[in-house]
Structures are given as structure tokens and as C-alpha cells.
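Colleague: Got a minute to walk me through the ligand site and the cysteines in this one?

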Amino acid sequence: MTAALNVSRETMERLKTFDATLQKWNPRINLVSKSTIPDLWTRHILDSIQVFEAITDPKGHWVDIGSGGGLPGVIVAICAADKAPDLSVTLIESDQRKSAFLRTAARECGVKINVISERIEAAAAQSADILSARALADLSQLCEFSERHLKKDGVCIFPKGGNWKKEVDNALQQWRFEWEAITSLTEPQAVILKMKGVERV
Ligand SMILES: C[S@@+](CC[C@H](N)C(=O)[O-])C[C@H]1O[C@@H](n2cnc3c(N)ncnc32)[C@H](O)[C@@H]1O
């Protein structure tokens, strides 16, 4: 799988460092389910790279909420170090031990990340150009988070599982937004949902 990744040598070295750091910390703080470790590169790393790649020419401020083990947040920062060096990356994660992991992973991988160890609902508004969240909440709740942290003309990028269309239809009862679903490379039923113009109905 790693051979299939179209990334520079520097990015590959950083991804390997992330892999090693996550595997070192995982037994203590359960960053990802133990059962997914054998498929870490496909299930988590490639899955996060495609979130970064769903945005053509990322610029400004990328905010990942509920970052947990740095998926996709740290991977976004790693990809950006090579492909979008001016992008600033902020992660919001309320769990203190996971936040400590995120800071360590950023340092070990040699990428600059601002980690906010607070609840998404309580953190200062981030004015993000791009807002991502993976495995955090249903789409209506994510729209609410975007209301606090996304710029008016910003873009949301949410990987979603097989139930994604139902989530879109439910969210559209309370929210207005333009959306596009990009089929996931790692799971044919899943999509990367790209949304803009999110506002309450
Ligand atoms: C299921 S994990 C997903 C982590 C990661 N995004 C991934 O895909 O592996 C959700 C994470 O969001 C964090 N989280 C949940 N609700 C939060 C909130 N309201 N504010 C900040 N972090 C939150 C949890 O601590 C947890 O690390």
C-alpha cells in the first residue's frame, strides 16, 4: 500500500514517524482501535491523505476538530509541509492525553501544529478556511460546530460512512449547504463529503 502513495520522500519519512509514534502511544491511550493496527496505512493514513487531497490548493487556516490520534489532522499537516507550506493547522481535542500525543507527534514528525485542548463548543472561534472532522459526530452536529469555527466562505470536509446520504438528508432539514460526495479510495461505500455555504434554514 505504501508504494501506491504518491508522496515525496520527506513526506513518506514523516508518515513513517507518525506510524511509529502512534503505535508507541496506542497501547496506553487507545488512539485507534487495536484491531485496525494491521491496516493502519489503509484504514487511517491513506484515509486521511485523501481528506487533504480533496481540497485543491489548500490555503489559509485548516482546523481539524475531535482529532484524537491525529486523523486526519496530523496527516494534513504532514502533507501540507510538502504541498502547502503556508497552510496553518489547528487541532481541537478535549482529551488531555490525546492532546499530549498530538503535540508529541507534531514534534517528532517535524511539522508545526497548534493544538487546542478544549471542547469544540468552548474553544475560541477559529475562523477556519477549511474545517475537517473524522468519526466525530453526525452531520447536523458537525454543521453546528462549523457555525462556530468556519469562515462564511469556508469549506467543510467530512469523511462519512455508508449512511452518508441519510445524514445529508437529515441535516438538510435544519441547514442549507452545497455538497459534493467524493467516493472514498479506501471504502467503496464511504465518501469524503465537501460542503460550503453552511447556514441555518
Ligand atoms: C471517535 S474519536 C475520532 C478521532 C479521530 N478523528 C479519528 O478519526 O480517529 C473522537 C475524538 O473527538 C474527541 N471529542 C469528542 N467530542 C469532543 C468535543 N466536544 N470537543 C473536543 N473533542 C471532542 C474525543 O476525545 C475523541 O478523541
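Modeller: Sure, starting with the shell: its residues divide into 4 nonpolar, 4 polar and 7 charged, where Ala, Val, Leu, Ile, Met, Phe, Trp, Tyr, Cys and Pro count as nonpolar, Asp, Glu, Lys and Arg as charged, and the others, Gly among them, as polar. Keep in mind that this is a predicted model, where local features need pLDDT of at least 70, side-chain atom pairs need 80 or more, and totals for chains, interfaces and linings use all residues. Numbering runs from 1 along each chain as its sequence is written, and side-chain values use heavy atoms, with hydrogens and water left out.

Colleague: How many residues surround the ligand?

Modeller: A residue is in if one of its heavy atoms lies within 4 Å of the ligand. The closest are G66, L71, E93, I120 and R134, and the full count is 15.

Colleague: How far is the ligand oxygen from an N or O atom in the side chain of E93?

Modeller: A polar contact is a pair of N or O atoms within 3.5 Å. The R134 side chain has an N or O atom 2.8 Å from a ligand oxygen. For the E93 side chain, the distance to a ligand oxygen is 2.6 Å.

Colleague: How many disulfides does a search of the whole structure find?

Modeller: A disulfide needs two cysteine sulfur atoms within 2.5 Å. The C79 sulfur is 11 Å from its closest cysteine sulfur, in C109, so that's too far for a bond. C156 is also out, because its closest cysteine sulfur, in C143, is 6.7 Å away. The search of the whole structure comes back with 0.

Terms used
A polar contact is a pair of N or O atoms within 3.5 Å; within protein, one must be able to donate a hydrogen and the other to accept it, and residues adjacent in sequence count only if both atoms are side-chain atoms.
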